[in-house]
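Visitor: I'd like to learn how to read a few features of a protein model. Could you walk me through one?

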Amino acid sequence: MGKAINVGIVGTQFMGRAHSNAYLDVGYYFDLDAPPVMKAACDINKNDLDAFCKRYGWQTQETDWKKLIERDDIDLVDIVTPNFLHKPVAVEAARKGKHIICEKPMAMDAQEAREMRDAAREANVRNMLAFNYRRVPAVCLAKKLIEEGKLGTIYHFNAVYYQDWQIDPNVPYLWRHDKSKGGSGAHGDMNAHIVDLGRYLVGEISSVCCAQEVFVKERKKPDGTMGQVTADDAAYFMARFREGALGVFLASRMACGRKNFLRFEIFGSQGAINFNLERLNELEYYSLKDDPAVQGFRNLIVTEAVHPYIDMWWPPGHILGWEHTFIHEVGDLIKAIEKGTDVQADFHDGMRCQQVIDAAIKSHDGGKWVDVPEE
Ligand SMILES: NC(=O)c1ccc[n+]([C@@H]2O[C@H](COP(=O)([O-])OP(=O)(O)OC[C@H]3O[C@@H](n4cnc5c(N)ncnc54)[C@H](O)[C@@H]3O)[C@@H](O)[C@H]2O)c1
């Protein structure tokens with residue numbers, strides 16, 4: 001058995017729980033040298049830290065992320081804090097020689113993302129950007145079909161990511177409403193996911209044209225005063241891909257009735273694919289090569305042993321859920337650390353995604369198309 005990887009997590013709420021669940025489960029399903037050790041959890045919110053550590057089995061606690069990073073018994077730092085903390089924590093962790101996994105969006109802007117990528121490269125530590133939707137088996141199958149040429153030349157990547165949790169104007173003011181804490185709103189939060197999927201499946205994006213809006217201009221803070229909402233509720237943009245495809249990316253937290261509705265459609269010269277996260281075990285596939293008499297979109301249930309990740313789970317038709325994407329993510333990362341190999345999506349991917357996000361903001365501000373930097 002190899003040395004177990006000791007994990008220190010910074011942030012213990014929503015993503016803190018999702019990642020904790022992944023560390024708990026990963027050793028049962030992935031073939032690892034040793035399951036990760038949940039060594040330390042860090043949060044500034046002392047009140048809930050005890051209960052969090054007890055529930056998930058984190059061995060020790062910190063309330064200052066700098067102390068966590070200084071510890072010799074931490075090998076991997078997991079960053080699940082609000083976005084403004086991603087860069088300082090990641091850069092410091094890299095300097096101390098820790099491997100890093102960081103939630104999306106990578107940073108407040110592309111400059112910060114570049115500093116993070118360069119710090120990780122310089123320290124030669126494994127680095128992962130937590131784009132978990134790359135690890136949905138149906139999305140992996142879509143990638144395989146595209147790489148095999150089943151779709152031919154790609155003409156369109158059309159993606160939407162809709163939620164409706166902000167529809168109620170009484171939803172309180174959170175860090176997510178403050179541009180100085182989040183960088184942007186629905187744009188960095190949700191467009192970042194579908195931009196990454198666009199890059200993963202179709203390739204680099206070369207230019208964008210964007211419109212954003214804040215529909216509810218102020219929300220109530222815990223102290224009863226009103227806070228100005230500076231982060232967008234919705235950001236819609238068109239894009240050109242480097243290889244010639246046209247793309248559409250729509251993100252909104254004001255899409256009434258939609259809970260976590262991420263859907264993409266890819267149209268090529270030989271076929272097409274549709275994916276819907278709320279039906280994540282399924283992939284719709286259309287092929288021009290099919291017999292015209294029975295031609296149409298077929299609904300593939302992506303739970304066969306031949307499909308990516310499935311052989312370590314259940315028999316066909318015994319479906320997976322959202323939390324499995326985090327187990328896949330953490331499993332691939334731990335394996336990469338054990339073997340000393342690279343793992344995607346990495347900090348370079350995070351930076352490239354952030355460059356698209358930044359270009360779209362610039363396009364909205366200037367009211368015109370903006371080129372995405374080439375490197
Ligand atoms: N991959 C996904 O699907 C997904 C989904 C939701 C959120 N996210 C990302 O995950 C990150 C965290 O989001 P969340 O929804 O868990 O946020 P959250 O608000 O639920 O939790 C953030 C946590 O960070 C803690 N924190 C704040 N400042 C801190 C500090 N200085 N030191 C230590 N802890 C501190 C907070 O107390 C809280 O526990 C964000 O970057 C977000 O964009 C990703």
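Guide: We will take some helices, a loop residue and the ligand shell in turn. Please keep in mind that this is a predicted model.

Visitor: Happy to. What end-to-end span should the 16 residues of α8 have, and what do the end C-alpha atoms give?

Guide: The idea is to count 1.5 Å a residue, taken over one less than the number of residues. For α8 that leads to 22 Å, and the end C-alpha atoms are 22 Å apart, so the two agree. The residues of α10, 347-366, can be treated likewise: this helix reaches 28 Å from first C-alpha to last, close to the expected 28 Å.

Visitor: Where is the kink in α8 centred?

Guide: On A192, with a kink of about 35 degrees. Beyond the helix comes G203, which follows α8 and has a positive phi, near 130 degrees. G367, just after α10, also takes a positive phi, of about 70 degrees.

Visitor: How many residues of α8 and of α10 are buried?

Guide: A residue is called buried if 20 or more other C-beta atoms lie within 10 Å of its own. In α8 that holds for 16 of the 16 residues, so this helix is largely enclosed by the rest of the structure. In α10 it holds for 16 of the 20, so α10 is largely enclosed too.

Visitor: At what angle do α6 and α8 cross, and which residues meet?

Guide: The axes of α6 (residues 137-147) and α8 (residues 186-201) come within 10 Å and cross at roughly 30 degrees. From α6, V139, A142, K143 and I146 meet L197, Y200 and L201 of α8. By class, this contact has six nonpolar residues, one charged and no polar.

Visitor: Is K98 buried or exposed?

Guide: Count its neighbours: 26 other C-beta atoms lie within 10 Å of K98, so this residue is buried. K98 sits in the loop between α4 (86-95) and β5 (99-102). Setting aside neighbours within four places in sequence, K98 is in contact with I69, I74, D75, L76, V77, A93 and V125. W165, by contrast, is 67 residues from K98 in sequence and 36 Å away in space, C-alpha to C-alpha.

Visitor: Which residues are closest to the ligand, and how many surround it?

Guide: The ligand is surrounded by 22 residues, with G11, Q13, F14, M15 and E103 the closest. Sorted by class, the shell holds 10 nonpolar, eight polar and four charged residues. Helix α1 (residues 14-29) gives the most to this shell, with three residues.

Definitions and conventions: Residues numbered from 1 in each chain as written. Predicted model: local features only at pLDDT ≥ 70, side-chain atom pairs only at ≥ 80, totals over all residues. Axes fitted to C-alpha atoms, helices over the stretch in contact; angles between N-to-C directions. Helix = DSSP H or I, 4+ residues; strand = E, 2+ residues; numbered from the N terminus. Contact = placed C-beta atoms within 7 Å. Nonpolar A, V, L, I, M, F, W, Y, C, P; charged D, E, K, R; others polar. Near = placed C-beta within 6 Å. Bend = angle between axes of the 7 residues up to and from the residue. Buried ≥ 20, exposed ≤ 12 C-beta atoms within 10 Å, placed from the backbone.
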